Amino acid sequence: MHPTESPARHPKRWLIHAVLSLSLFVVVVDNTVLNVAIPSLSRDLGATTAEIQWIIDAYSLVFAGLLLIAGSLSDRYGRKRALLAGFALFGLGSLGAAFADDALQLTLLRGAMGVGGAFLMPGTLSILMQVFDRDEQPKAVSLWGMVAMLGVASGPTLGGLLIERFWWGSVFLINVPVIAVAFVAAVVLVPESRDPARRQPDVPGTVLSTLGVSALVWAIVSAPEHGWSSARTLGGLAVAVAALVAFVSWERRTPHAMLDLGLFRHRPFTGGSLVIVLMTFAIAGMTFSLTQYLQFVLGYTPLEAGLRTVPLALAGAVSNPVGLQLGRRIGQWAITIAFALMAVAFLIIAAIRPGDGYGHLLTGLIVMGLGGGMVGPTAYTAIMTALPKEQAGVGSAVNDAAQEVGNAFGVAVLGSVLSAAYASSLPDGVTGPARESIGAALAAAAARGGTAGEALAQAARDAFVDAMSVGFVVGAVCAVAAGVAAGALLRIRPTAADRVAGLDREPAGV
């Protein structure tokens with residue numbers, strides 16, 4: 001051991017970090033990897049627009065719904081044990097999904113993968129908080145956040161590469177050997193840890209939290225197809241509100257609460273969670289729109305489209321450590337600056353016109369990556385260092401649930417804006433499925449052929465660009481709101497670097 005190293009530091013902590021980061025990367029990639037497969041799924045499985053949405057969203061629905069109980073169970077029965085169970089479920093679900101015969105099978109297997117992901121994701125961050133001491137936690141969490149950013153941005157590239165070389169099922173099959181390697185490495189390297197209090201199971205809290213979060217995500221992902229004022233969407237929101245209110249009421253009364261609501265009195269914890277929701281909202285909505293823009297409007301193949309999102313990931317990786325250092329110096333205002341950059345990026349992309357090429361988009365992607373990469377280090381560290389170690393699992397689950405809700409909202413809200421603006425931008429003479437999506441319009445144009453087909457295709461592309469501009473203006477407004485929220489809620493005092501690093505556990509304003 002190095003003479004300056006604390007005896008409390010785990011000697012294999014960076015190897016453990018590598019294993020957990022690999023796990024995180026696979027789970028996060030699955031949130032975006034299918035975006036470039038939308039045309040392939042439509043063609044090979046005959047999936048409708050609604051079926052494709054559920055194939056994509058089934059993972060988030062189950063994942064988000066089970067996160068809190070998965071985090072609570074990992075604290076009680078062992079975080080390593082939960083991690084290994086997650087590996088097994090995720091790997092088996094991926095294997096089945098690769099060979100699904102229809103849209104329903106694929107949706108169900110994506111849900112099974114979501115169960116595995118719910119046990120995997122909280123374990124990665126909570127175990128990090130156990131094996132790294134307070135001095136190294138900010139660096140470890142920053143690298144963890146960088147991997148998450150790379151996973152989100154790399155999904156389209158990886159998906160495009162696999163789909164172009166093989167078939168859509170390969171985006172799932174590739175998970176299997178990676179998960180197998182990570183499973184073996186986790187068995188060998190990762191130490192077991194759990195809450196020493198071994199509190200009794202909170203069965204009512206488990207049921208209410210699962211119902212509430214699942215109903216919320218269900219309502220969000222239903223909205224683009226059925227409308228925000230539909231009985232289906234409003235019913236889901238009503239169930240979500242009722243279940244979550246009941247959950248909060250129960251958790252306040254029971255002596256064996258799965259989630260200590262007192263954590264939300266800590267501004268770093270509450271503010272950090274809100275910031276993460278808004279950050280993932282912005283990035284997920286942007287990715288959903290851009291993968292279609294690159295393929296349907298600019299005409300790139302899935303691989304070419306994926307490769308053109310790489311600058312987003314690279315810029316995020318470069319700015320991640322910058323965000324950590326800037327957070328040490330100016331506290332929560334580092335996040336405000338980061339969101340200001342993201343708002344600028346949204347406006348740059350919103351200014352794209354139908355005749356513009358990739359160069360205009362590239363500038364926006366780089367600025368977006370620089371802003372997004374800077375948000376994570378301070379926000380994640382603020383959340384996790386506000387937690388007692390014994391609650392690391394459920395606390396990490398809250399962080400992950402915030403990301404999933406943000407992802408679902410981003411796709412649903414900006415997707416709804418995109419759909420509505422697209423339909424309103426089309427000429428009145430365009431009817432039927434062509435009015436519902438650009439994919440359907442281009443398919444109809446190809447079937448029609450000739451001058452009429454070319455006119456329909458051009459009208460659809462122009463309408464999509466106009467609609468994307470509207471959606472990205474909404475994204476810019478959300479980024480500004482996130483920056484304001486960070487400045488108002490986090491209150492991280494920059495009087496000493498240790499504040500952001502988590503070395504002083506007394507958050508301001510508590």
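This is a short chat about reading aromatic pairs and ring contacts in a predicted model.

User: Before we start, what kind of model is this?
Analyst: It's a predicted model, where local features need pLDDT of at least 70, side-chain atom pairs count only at pLDDT 80 or more, and totals for chains, interfaces and linings use all residues. Residues are numbered from 1 along each chain as its sequence is written, and side-chain values use heavy atoms, with hydrogens and water left out.

User: How many aromatic pairs are there, and how do I read one?
Analyst: A pair of aromatic rings is described by the distance of the centres and the angle of the planes. Rings of Phe, Tyr and Trp (its six-membered ring) pair if their centres lie within 6.5 Å; planes under 30 degrees apart are stacked, over 60 edge-to-face, the rest tilted. Here, a search of the whole structure finds 6 aromatic pairs. Take Tyr-59 and Phe-90: their centres are 6.3 Å apart and their planes at 75°, so they're edge-to-face.

User: Are those two buried or exposed?
Analyst: Buried means under 20% relative accessible area, exposed over 50%, and partly exposed in between (1.4 Å probe, protein chains only). Tyr-59 and Phe-90 are both buried. Ring pairs also link Tyr-59, Phe-63 and Phe-90 into a cluster.

User: Which rings does Arg-308 sit over?
Analyst: A charge sits over a ring if NZ of Lys or CZ of Arg is within 6 Å of the ring centre and within 35 degrees of the ring normal. Arg-308 lies over the face of Tyr-300, 4.0 Å from the ring centre, and its charged end also sits over the ring of Tyr-358, 5.7 Å from the centre.
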